[in-house]
Amino acid sequence: MFGLDYSWLLDPVYQQWLFQGVIQTLELAALCSLLAILIGLAGTLALTLKLPWLDAAIELFVELFRNTPPLLQMLFFYFTLTQIGFTQEDPLTGLQVPMVSAFMSAALSLSLFGGALCIEAFRSGFDAIPKATLEAARSLGYSRWGLFRHVQVPIASRICLPPLTNVLTNLFKTTSQASVITVPELMYAAGQIYNDTFRTLEVMLLVLVIYVVLVSALVWLIGWVERRLAYPGYGG
């Protein structure tokens with residue numbers, strides 16, 4: 001009915017572009033997810049210290065990155081880092097080129113954006129831990145770090161998995177915006193292909209299917225982890 005033509009998929013060049021785009025998307029998503037989770041844990045640990053100035057700094061960080069568009073953050077890091085001197089000389093041309101690659105700019109901005117959301121997700125899990133559980137752990141002689149590592153993180157991680165799933169899936173989908181700063185991920189590869197073939201509908205339908213498969217696999221994986229970690233009373 002739509003006269004779809006996928007003959008271009010037989011071209012090894014386009015196959016390679018799509019494959020590399022998927023790999024770059026997975027690499028960017030995996031790196032950003034890992035860093036976002038680490039930032040979220042670090043921020044949540046800092047909040048347990050109950051230091052007013054530190055709490056204010058973390059709240060400012062969360063509000064700044066949660067309430068501004070991730071695309072704006074990405075463009076800001078990509079262009080600003082060069083403007084403030086993060087450049088190096090290209091040995092071939094002698095020109096000043098960005099020291100931080102487009103991929104690293106995207107990874108940095110998305111990690112900070114995801115980290116702000118992870119702080120909120122982890123904080124909801126930590127706040128849900130019964131005070132009696134924490135008091136019992138302190139009575140057993142746990143230090144602040146021991147309490148965080150052996151009691152709060154294991155329990156809160158089970159409670160906050162549902163909101164964390166939303167954060168990670170949104171972060172995965174937001175990696176598509178990295179194409180704007182020429183990161184050769186899936187959306188960038190798609191743009192290259194339909195500019196060559198003029199088969200925009202076919203390319204976008206294929207990319208849609210690829211994203212559905214990848215994000216569904218991520219959701220299934222997190223759901224599997226949630227089921228494996230669940231126990232009655234704490235996220236079970």
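**Exercise 1.** In this predicted model, Leu-4 lies in the segment before helix 1. Work out whether Leu-4 is buried, partly exposed or exposed, and find the surface patch that Leu-4 helps to make.

*Solution.*
- Start with the relative accessible area of Leu-4, which is 42%.
- Now check the cut-offs: buried means under 20% and exposed means over 50%. Leu-4 sits in between, so we call it partly exposed.
- Next, look for its partners. Leu-4 joins Leu-201, Leu-205, Leu-208 and Val-212 in a nonpolar surface patch of about 420 Å².

**Exercise 2.** Take helix 6 (residues 144-159) and find where it bends, and by how much. Then list its buried residues and say what covers them.

*Solution.*
- Follow the helix along to Gln-152: that's where the bend is, at about 45°. Pro-154 follows within four residues.
- Gln-152 also turns up among the buried residues, along with Gly-146, Leu-147, Phe-148, Val-151, Ile-155, Ala-156 and Arg-158.
- As for the cover, it includes helix 1 (12-47), helix 4 (102-127) and helix 5 (131-139), plus helix 7 (161-174) and helix 9 (200-229).

**Exercise 3.** Zoom in on Ala-156, and explain why this residue counts as buried. Which residues is it in contact with, leaving aside neighbours within four places in sequence?

*Solution.*
- Ala-156 belongs to helix 6.
- Its relative accessibility is 1%, and the cut-off for buried is under 20%, so Ala-156 counts as buried.
- The contacts of Ala-156 beyond those neighbours are Gly-125, Phe-126 and Ile-129.
- One more distance to try: the C-alpha atoms of Ala-156 and Asp-127 are 8.3 Å apart, with the two positions 29 residues apart along the chain.

How values were computed:
Residues numbered from 1 in each chain as written. Predicted model: local features only at pLDDT ≥ 70, side-chain atom pairs only at ≥ 80, totals over all residues. Heavy atoms only, no water. Bend = angle between axes of the 7 residues up to and from the residue. Helix = DSSP H or I, 4+ residues; strand = E, 2+ residues; numbered from the N terminus. Buried < 20%, exposed > 50% of the residue type's maximum accessible area, 1.4 Å probe, protein only. Contact = heavy atoms within 4.5 Å. Patch = residues over 30% accessible without salt bridge, like charges linked within 9 Å, V, L, I, M, F, W, Y side chains within 5 Å. Areas by Shrake-Rupley, 256 points an atom, 1.4 Å probe, with all protein chains shown as cover. Salt bridge = Lys/Arg side-chain N within 4 Å of Asp/Glu carboxyl O.
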